[in-house]
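Dear colleague,

Please find below the structure that I am handing over to you, with its sequence. I should be grateful if you would read the notes beneath it alongside the coordinates.

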Amino acid sequence: MKDAKNTKPRPQELTRAELEIMQLFWVKGPSVVNDLLEAMPDPKPAYNTVSTVVRILEKKGFVGHKAYGKTYEYYPLVSKETYASRYMDAVLDNFFGGSLSRLVSFFSEHKSITVEETDEILQMLRERR
């Protein structure tokens, strides 16, 4: 059960498939479904699968489209930086009580970051304050 006092509403998260498609948009920019499909690694999903994911992203407000007859060109409405910032803010608030030092401590304990990397992170944080 969630403790409503300690969690903020999370920004809409992307599924793995949605994130894979958004990564392509962030690199390629405006694209038709066939462009996205061509850029995907093998084994490629079906055209209809990619098309469905793109339409879900549009319903969620992550992409928009321009129609050229029956062809739709989709484009990102949310930048990679904006999504990453929203996502990481939610992670920071919901898992680390908003504490950057607890976040850094977590990574130093669980991801084997070096002392030098920890110092670099702390230096960057100090410079941004």
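The notes below set out what was found.

This is a predicted model, in which local features need pLDDT of at least 70 and side-chain atom pairs count only at pLDDT 80 or more, while totals for chains, interfaces and linings use all residues. Residues are numbered from 1 along each chain as its sequence is written, and side-chain values use heavy atoms, with hydrogens and water left out.

The nonpolar core

I begin with the largest nonpolar core, which has 19 residues. A nonpolar core here is a set of buried Ala, Val, Leu, Ile, Met, Phe, Trp, Tyr and Cys residues joined through side-chain atoms within 4.5 Å. Buried means under 20% relative accessible area, exposed over 50%, and partly exposed in between (1.4 Å probe, protein chains only). The members that touch the most other members are Ile 21, Met 22, Phe 25, Val 50, Val 54 and Leu 57. Two or more residues come from each of α1 (16-28), α2 (33-39) and α3 (47-59), and α1 gives the most, with 5 residues. Helices (H or I, at least four residues) and strands (E, at least two) are DSSP runs, numbered from the N terminus.

Met 22 is in contact (heavy atoms within 4.5 Å) with Leu 14, Leu 57, Phe 62, Val 63, Pro 76 and Val 78, leaving aside its neighbours within four places in sequence.

Helix packing

Two helix pairs deserve attention. Axes are lines fitted to C-alpha atoms, for helices over the stretch in contact, and angles run from 0 to 180 degrees between N-to-C directions. Angles under 35 degrees count as roughly parallel, over 145 as roughly antiparallel, 65 to 115 as roughly perpendicular and the rest as oblique.

In the pair α1 and α3, the axes are 10 Å apart and the packing angle is about 85 degrees, which means that α1 is roughly perpendicular to α3. On the α1 side the contact is made by Ala 17, Glu 18, Ile 21, Met 22 and Phe 25, and on the α3 side by Val 50, Val 53, Val 54, Ile 56 and Leu 57.

In the other pair, the axes of α5 (residues 100-110) and α6 (residues 115-128) come within 11 Å and cross at roughly 165 degrees. These two helices are therefore roughly antiparallel to each other. From α5, Leu 100, Val 104 and Ser 108 make the contact, and from α6, Thr 118, Ile 121 and Leu 125.

His 110 is also placed in helix α5. This residue has 49% relative accessibility, so His 110 counts as partly exposed. Its C-alpha lies 29 Å from that of Ile 21, and the two residues are 89 apart in sequence.

Two loops

Which peptide bond is cis, with omega near -5 degrees? The bond in question runs from Asp 42 to Pro 43, and Pro 43 lies in the loop between α2 and α3. For context, most peptide bonds are trans.

The loop between α1 and α2 holds Ser 31. Ser 31 is buried, because its relative accessible area is 1%. A polar atom of the Ser 31 side chain lies 2.9 Å from the backbone oxygen of Gly 29. Beyond its neighbours within four places in sequence, Ser 31 is in contact with Phe 25, Leu 36, Tyr 72, Glu 73 and Tyr 74.

Strand β2

Thr 71 lies in strand β2 (residues 71-76), as do Glu 73 and Tyr 75. Not counting residues up to four places away in sequence, Thr 71 touches Val 32 and Lys 66. Thr 71 counts as partly exposed, at 42% relative accessibility. The C-alpha atoms of Thr 71 and Asp 93 are 42 Å apart, with these positions 22 residues apart in sequence numbering.

Glu 73 is partly exposed at 22% relative accessibility. With the same sequence neighbours left out, Glu 73 touches Pro 30, Ser 31, Val 32, Gly 64, His 65, Lys 66 and Tyr 68. Glu 73 and Val 32 are 41 residues apart in sequence and 4.6 Å apart, C-alpha to C-alpha.

Tyr 75 is partly exposed, with a relative accessible area of 27%. The C-alpha atoms of Tyr 75 and Pro 30 are separated by 4.2 Å, although the residues are 45 apart along the chain.

Yours sincerely

Key:
A polar contact is a pair of N or O atoms within 3.5 Å; within protein, one must be able to donate a hydrogen and the other to accept it, and residues adjacent in sequence count only if both atoms are side-chain atoms.
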